[in-house]
Amino acid sequence: MGRHSVAAPAKAPSRRFILSVAAGVAVIALVASGVYLWVGGHLNPLLAAADQPACDEPEQVVVVADTSIAKSVAQLAEDFDADPKRCVATEVRAQDSADTAASVAAGTADADVWIPDSTVWIDRTRATATSLGLGAPVLEVGDSIVSSPIVFAAAASDAEELAKEPVSWARVLSGQLPALLPDPEASAASLASLYALKGQTSPDDPRQFAGAMIALSKSIPASTDAAMATVTSSSTPMITLTSEARVVAHNADKSAEPLVAAYPTEGTVALDYPFVRMAKERTENLDAFRTALSKAGDHFAEAGFRAPDGTGELEARGVAATAPPAQGELDGASQIEILRSWGVLTMRGRMLAVIDVSGSMQDPAANGLRRIDVFQQAAMGAVQKFSGEAELGVWLFSTARNGNLDYEDVAPIAPLADAAHTQRIAGIIQSLPSRLGGATGLYDTTLDAVKRVRETYDPEKVNSVLVITDGKNEDENGISLEQLLAELAKMDDPNQPVPVIMIGFGPDTDLQAMQQIAKATKGGAYSAAQPEDLGTVLVDAISQRTCRPDCG
């Protein structure tokens, strides 16, 4: 009948007048479509043809299921509708939960039931609807029908190499285990992974989690399938964070390079697949369909899903027969907060980095290295964390470096996805010790840097200036702080903001002046009391975009 096809919508069966008899009289009649018996006031088929409706006017039920489970749900719907005791036509539509959430929030969804892969989509839907000024959609969130734990998926050929050390969230957090994370904006598994990852961090050091997110966002696969393809083709062992069911689905394709699922030693979390009613009225068929799904554990296990409580055994390549229990439930509000942070960290940026190369950068730091040595280490680490979507340019400044100008333009603002450009920046950082000299022409350079970014402003990106210095303005022939602030005020345009992020390190910085410059441009001012703290301060500068200029 085509009603259970995941790809095509159902067609309502046509109504047929088959037999007319007096009420209460039992008559058996043979018709082209089969044998019907008049019982209790309606016609029931005794032997209906496969392409004919089981009743005169079936109830139309539309189920939207996440693409990972839609096929299994459609197969069950076919058996459900075939029951001669029912009069129902169930259409199952496969749709990514992110797309369904958007349509539900906008009030354009047309379905009776929604089966997303995670309850977090309900929270996100309601938050989106509120942000759009719409009323929260009426959703009745029922119990989960299945679950699937978050795992580390690796190429089967790399399993032995990866197992030489414990497979853990701690290794992902520290960057020792290379990991790919599909965009958590579209993937509940990725968002759950970030939630689990945060659970392993110290609450006293928020930079640890922020730094891990920055590193993971450097290369964001277009999809889970793309991440898996990268993992299986990589010349070095790596993992992607995904669900166990997705590993089973991948390995079901005999032509694909097989994956294995590794279960983190600290424990993991699981996607829960709730049964969400969107119909305005409860019906007997909807209740019965929910019951049918809850009793289909063996059927779902064949597709790689476990019971709602995580129990059950799987017989599938690449996964454990029995999975370790999930470590607590996923908190929706916490996940949404993580998603907000992710959005801030991964905003496509366009930044001009302005680096102090005055003579004082040769002064020793507290750890015995020179200030410039410490900066080199921190700068290389920061550049490696930037996403390839980011654009970066570099100026060097002191005094009178280029005729009357205090700055030298050594690398234009260009995408870090360009390997040659990234290599050029790395070379500049390595050459900094040989470029030192002069005093600190801070104010003139800052003003010209803001002008340059404004001249080439890209409205599709976050445009900013990053100034890194170990001192205070020493250019006696340049503008004063008051003149700089006045010029910045004249240029201010709320529609084209260019925040200045000031980072000072060492004991000689003028933090008060830096704060005034930051406030004038709605940027941020950061201070590393010890030069070796510069690395963590750089993480703050990247991660605290939403709180400026009032970051703590």
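**Figure 1. Antiparallel pairing of strands β7 and β13.** Strand β7 (residues 140-144) runs antiparallel to β13, and three bridges join the two; strands count as paired if DSSP finds at least two bridges between them. Val141 stands opposite Val276 in β13. The model is predicted, so local features are given only at pLDDT of at least 70 and side-chain atom pairs only at pLDDT 80 or more, while totals for chains, interfaces and linings use all residues. Residues are numbered from 1 along each chain as its sequence is written, and side-chain values use heavy atoms, with hydrogens and water left out. Element names follow DSSP runs numbered from the N terminus (helices: H or I, at least four residues; strands: E, at least two).

**Figure 2. Strand β13 and its pairing with β6.** From β13 (residues 274-277), the side chains of Pro274 and Val276 point one way, and those of Phe275 and Arg277 point the other way. These four residues are all buried (under 20% relative accessible area, with exposed meaning over 50% and partly exposed in between; 1.4 Å probe, protein chains only). Strand β6 (residues 113-115) pairs with β13 in the antiparallel sense over two bridges. Val113 stands opposite Arg277 in β13.

**Figure 3. The five-stranded open sheet and helix α1.** The strand order is β5-β4-β6-β13-β7, and the pairing is mixed. Because β5 (88-94) and β7 stand at the edges with a single partner strand each, one side of each is left without a neighbour in the sheet. The twist from one strand to the next averages 20 degrees. Strands β4 (residues 59-65) and β6 run parallel and are joined by three bridges. Within this pair, Val64 has Trp114 of β6 as its bridge partner. Helix α1 (residues 70-82) lies across β4, β5 and β6 and runs at about 175 degrees to β5. Axes are lines fitted to C-alpha atoms, for helices over the stretch in contact, and angles run from 0 to 180 degrees between N-to-C directions.

**Figure 4. The six-stranded open sheet with helices α14 and α17.** This sheet has the order β16-β15-β14-β17-β18-β19 and mixed pairing. Its edges are formed by β16 (405-415) and β19, each with a single partner strand, so one side of each is left without a neighbour in the sheet. Neighbouring strands are turned against each other by 15 degrees on average, direction ignored. Strand β15 (residues 391-402) pairs with β16 in the antiparallel sense over seven bridges. Asn402 has Leu405 in β16 as its bridge partner. Helix α14 (residues 419-431) lies across β15 and β16 and runs at about 150 degrees to β16. Helix α17 packs on the sheet, where it touches β18 (500-505) and β19. The direction of α17 makes about 165 degrees with that of β18.

**Figure 5. Crossing of helices α2 and α3.** The axes of α2 (residues 97-106) and α3 (residues 120-131) come within 8 Å and cross at roughly 40 degrees. That makes α2 oblique to α3 (under 35 degrees counts as roughly parallel, over 145 as roughly antiparallel, 65 to 115 as roughly perpendicular and the rest as oblique). The crossing of α2 past α3 is right-handed, meaning that the near helix is turned clockwise from the far one by less than a right angle; anticlockwise would be left-handed. Ser97, Ala98, Ala101, Val104 and Ala105 of α2 make the contact with Trp121, Thr125, Thr128 and Ala129 of α3 (heavy atoms within 4.5 Å). These residues divide into six nonpolar, three polar and no charged. Nonpolar residues are Ala, Val, Leu, Ile, Met, Phe, Trp, Tyr, Cys and Pro, charged ones are Asp, Glu, Lys and Arg, and the others, Gly among them, are polar.

**Figure 6. Crossing of helices α8 and α9.** Helices α8 (residues 224-233) and α9 (residues 244-251) pack at an angle of about 70 degrees, with their axes 12 Å apart. The two helices are therefore roughly perpendicular to each other. Their crossing is right-handed. Thr224, Asp225, Met228 and Thr232 in α8 meet Arg246, Val247 and His250 in α9. By class, this contact has two nonpolar, three polar and two charged residues.

**Figure 7. Positive phi at Tyr273 and Lys522.** Most residues other than glycine have a negative phi. Tyr273, in the loop between β12 (270-271) and β13, has a positive phi near 50 degrees. With 1% relative accessibility, Tyr273 counts as buried. Lys522 is not a glycine either, and its phi is positive at about 55 degrees. Lys522 lies in the loop between α17 (511-521) and β19 (524-528). The relative accessible area of Lys522 is 52%, so this residue is exposed.
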